[in-house]
Amino acid sequence: MMTEWLGLPALAATHGAQIDNLIGWIHVFMLVLFLGWGGFFVYTLVRFRKSRHPVANYTGVTSHASKYSEIAVAVIEAVLLVGFAIPIWAARVDRVPPESESLVVQVTAEQFAWNVRYAGPDGKFGRTDITLIDTQSNPLGSDRSDPAAKDDVTTLNQLYLPANKPVVVRLRSKDVIHSFGVPEFRVKQDAIPGFTIPVYFVPDVTTAEMRTRTGNPEFQYEIACAQLCGLGHYRMRGFVTVQTAEEFQQWMDAEQELLKGESDIFR
Ligand SMILES: [Cu+2]
């Protein structure tokens with residue numbers, strides 16, 4: 001890919017190439033500007049040196065070259081912004097796929113962890129109640145007496161995703177502003193208390209495949225909190241495991257079995 005020279009993290013989401021291309025073009029443009037301005041600066045040092053111009057020239061430059069080059073810079077910047085950046089951003093926030101065709105996961109950030117909740121086979125998130133919140137055993141206040149909540153799967157700092165299926169993360173926060181960032185997915189979104197913000201992407205490389213690709217048998221996708229959110233910010237990391245659709249289903253089935261076991265104990 002053309003952006004390899006930038007040393008970006010490995011890419012593992014379908015929309016990422018667009019973002020990488022834009023980052024690549026911005027770097028190319030900045031390099032041109034740097035060489036242009038730098039060259040001009042060196043030129044002026046030599047051209048207007050004191051030994052050749054002992055007396056200042058009060059007329060100055062009469063050519064319009066600088067004006068035209070500045071207009072060209074503004075035009076290129078406008079093209080990058082209007083032609084690339086805004087359309088990519090608009091697609092990210094506007095064209096969220098329908099929930100029926102995607103995996104919807106609720107990710108709730110808190111100091112200093114990521115609470116992950118799946119709706120389970122019924123596709124419905126169960127009721128939650130603030131009075132049921134227990135920071136250790138029930139951080140989201142899930143009401144297991146609600147039939148829709150019985151199959152809800154919750155995990156801490158572990159996000160399991162199937163590859164090649166749109167994922168909609170419903171991002172929320174329990175306390176302060178956090179930020180959900182997974183560099184390989186080219187995704188970064190602030191989690192803001194009081195809002196539920198959809199984050200959409202299609203992961204297309206499984207963790208196993210990425211381990212072969214990177215030659216690192218311990219490779220893990222990490223959710224990094226990208227907002228300084230408090231003293232424990234540095235340890236607010238979650239892990240994403242991208243699996244094939246079958247593996248994901250097996251994981252979900254195993255979680256369902258666990259849930260059944262738990263409800264037997266409590267009965
Ligand atoms: Cu945080």
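**Exercise 1. Place Tyr43 in the structure and decide whether Tyr43 is buried or exposed.**

Step 1. Tyr43 sits in helix α1, residues 16–47. Helices (H or I, at least four residues) and strands (E, at least two) are DSSP runs, numbered from the N terminus. This is a predicted model, in which local features need pLDDT of at least 70 and side-chain atom pairs count only at pLDDT 80 or more, while totals for chains, interfaces and linings use all residues. Residues are numbered from 1 along each chain as its sequence is written, and side-chain values use heavy atoms, with hydrogens and water left out.

Step 2. The relative accessibility of Tyr43 is 46%, so Tyr43 counts as partly exposed. Buried means under 20% relative accessible area, exposed over 50%, partly exposed in between (1.4 Å probe, protein chains only).

Step 3. Take the C-alpha atoms of Tyr43 and Leu103: they are 58 Å apart, with the two positions 60 residues apart along the chain.

**Exercise 2. Find the protein donors of the copper ion and name the geometry of the site.**

Step 1. Donors are N, O and S atoms within 2.8 Å of the metal (3.2 Å for Na, K and Ca); water is not among the atoms, so sites may look incomplete. Here they are His178 (ND1), Cys225 (SG), Cys229 (SG) and Met236 (SD), at 2.1 to 2.4 Å from the copper ion.

Step 2. Check the angles. They run from 91 to 122 degrees among the four donor atoms, and the site is tetrahedral. Four donors count as tetrahedral if all angles lie between 85 and 135 degrees.

Step 3. Read the spacing in sequence: H-x46-C-x3-C-x6-M. Cys225 is in strand β9 (residues 221–225), and Met236 is in the loop between β9 and β10 (237–243), 11 residues away. Both Cys225 and Met236 are buried.

**Exercise 3. Compare the settings of two salt bridges, Asp152 with Arg117 and Lys260 with Glu257.**

Step 1. A salt bridge is a side-chain nitrogen of Lys or Arg within 4 Å of a carboxyl oxygen of Asp or Glu. The structure holds eight.

Step 2. In the pair Asp152 and Arg117, the closest N and O atoms are 3.0 Å apart. Asp152 lies in the loop between β2 (113–118) and β3 (153–156) and Arg117 in strand β2, so the pair ties together parts 35 residues apart in sequence. Asp152 is buried at 0%. Arg117 is buried at 3%.

Step 3. For Lys260 and Glu257, the closest N and O atoms are 3.7 Å apart. Both lie in helix α4 (residues 245–266), three residues apart, about one turn of the helix. Lys260 is partly exposed at 49%. Glu257 is exposed at 52%.

Methods:
Four donors count as tetrahedral if all angles lie between 85 and 135 degrees; four count as square planar and six as octahedral if opposite donors are over 155 degrees apart and all others between 65 and 115; anything else is irregular.
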